[in-house]
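Work through the exercises below with the sequence and coordinates open. Each task is followed by a stepwise solution.

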Amino acid sequence: MRKSIIRTAFVVVFCLGLMNLVMAGESAQGKGKAAKDVPSMSQEEQIKLALSAAPPHIAKDSAVLVFGTDGKLKEGRPGTNGFTCIPTVMNLPDPDPMCMDAAVKQWWGDLMNNAPKPSNTVPGIAYMARGGSHWEKDGRVVMKEEPGAKIVKEPPHWMIMWPFDAKATMLPAAPNPSGAYVMFDGTPYAHVMVYQDPGKMK
Ligand SMILES: [Cu+2]
């Protein structure tokens, strides 16, 4: 009797363990699918791509995060200037690397963790010299993929991560020929987009 209870317990624990493994494998696969191209690159390729987001004088001393085989970001190399570069933001086929200061790293981490609002206490700066993409629905920029939303490309730009309000600042709330707008206007993750090529900054 005692023995069979122990055996049953063992089988249950073993099966739960297997289930966890399978689930971990599935979620890693899900992430891998969205991030297919970049995480399959070598560490050196990912570092090179990440650093292409910032002007050379910033890139040369920046830390870099790269995707490990588990699809999660890990340290690719340390830095000394307070900036961190990642090889992709949205994991779309078009490369969209970003270099960010400490405040944006915090902002970005909060966004990735679905925090209700960013916790950076000072405005942050981020560079996307290769450009990027956003989701757009009915002419409005939306934060996430949703039914009816399409991907729209962004030219090379840099950003100020601080919850500016389009009405209060009188800045546009959508991309326009002036080259500046408040992205995610009306949300805690609002920030100013500046269509100016960081690659030309010195
Ligand atoms: Cu933006």
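**Exercise 1. A salt bridge across the sequence**

Which side chain meets Asp-94 in a salt bridge, and what is the N to O distance?

Solution. The model is predicted, and side-chain atom pairs count only at pLDDT 80 or more.
- Step 1: find the partner. The side chain of Asp-94 meets that of Lys-153, with 3.5 Å from N to O.
- Step 2: place both ends. Asp-94 sits in the loop between β3 and β4, and Lys-153 in strand β8 (residues 150-154), so the pair ties together parts that are 59 residues apart in sequence.
- Step 3: check accessibility. Asp-94 has 37% relative accessibility and counts as partly exposed. Lys-153, at 51%, counts as exposed.

**Exercise 2. The remaining salt bridges**

How many salt bridges does a search of the whole structure find? List the others and classify their residues.

Solution.
- Step 1: take the total. The search finds 3 salt bridges.
- Step 2: look at Asp-61. Asp-61 bridges to Lys-60, and their closest N and O atoms are 3.1 Å apart. Asp-61 is partly exposed at 27% relative accessibility, whereas Lys-60 is exposed at 58%.
- Step 3: look at Lys-137. The side chain of Lys-137 forms a salt bridge with that of Glu-146, at 3.5 Å from N to O. Lys-137 is partly exposed at 27% relative accessibility. Glu-146 is partly exposed too, with a relative accessible area of 31%.

**Exercise 3. A buried acid**

Which side chain of opposite charge is nearest to Glu-136, and how far away is it? Explain the missing salt bridge, then describe the surroundings.

Solution.
- Step 1: locate the residue. Glu-136 belongs to strand β6 (residues 132-137).
- Step 2: test for a salt bridge. The nearest side chain of opposite charge is Lys-150, 5.1 Å away. The cut-off is 4 Å between a side-chain nitrogen and a carboxyl oxygen, so buried Glu-136 has no salt bridge.
- Step 3: look for a polar partner. The side chains of Glu-136 and His-134 make a polar contact of 2.6 Å.
- Step 4: list contacts, leaving aside neighbours within four places in sequence. They are Val-141, Val-142, Gly-148, Ala-149, Lys-150 and Val-152.

**Exercise 4. The copper site**

Which protein atoms are the donors of the copper ion? Give their spacing in sequence.

Solution.
- Step 1: name the atoms. The protein donors are SD of Met-183, NE2 of His-191 and SD of Met-193, lying 2.1 to 2.2 Å from the ion.
- Step 2: write the spacing. The donor residues follow M-x7-H-x1-M.
- Step 3: classify two of the donor residues. His-191 is buried at 1% relative accessibility. Met-193 is also buried, at 1%.

**Exercise 5. Strand β5 and helix α2**

How many of the 5 residues of strand β5 are buried? Trace the strand's partners, then turn to α2.

Solution.
- Step 1: count. In β5 (residues 124-128), 4 of the 5 residues are buried, so the strand is largely enclosed by the rest of the structure.
- Step 2: pair with β4. Strand β4 (residues 98-100) runs antiparallel to β5, joined by 2 bridges. Cys-99 has Tyr-127 as its bridge partner in β5.
- Step 3: pair with β9. Here 5 bridges join β5 to β9 (residues 157-161), again antiparallel. Gly-124 stands opposite Met-161.
- Step 4: examine α2 (residues 43-51). Its buried residues are Gln-46, Ile-47, Leu-49, Ala-50 and Leu-51. Their cover includes α3, β1, β2, β3 and β4.

Technical notes:
Residues are numbered from 1 along each chain as its sequence is written. This is a predicted model: local features need pLDDT of at least 70, side-chain atom pairs count only at pLDDT 80 or more; totals for chains, interfaces and linings use all residues. Side-chain values use heavy atoms; hydrogens and water are left out. Buried means under 20% relative accessible area, exposed over 50%, partly exposed in between (1.4 Å probe, protein chains only). Lys and Arg count as positive and Asp and Glu as negative; His and the chain ends are not counted. A polar contact is a pair of N or O atoms within 3.5 Å; within protein, one must be able to donate a hydrogen and the other to accept it, and residues adjacent in sequence count only if both atoms are side-chain atoms. Contact means heavy atoms within 4.5 Å. Donors are N, O and S atoms within 2.8 Å of the metal (3.2 Å for Na, K and Ca); water is not among the atoms, so sites may look incomplete. Two strands pair if DSSP finds at least two bridges between them.
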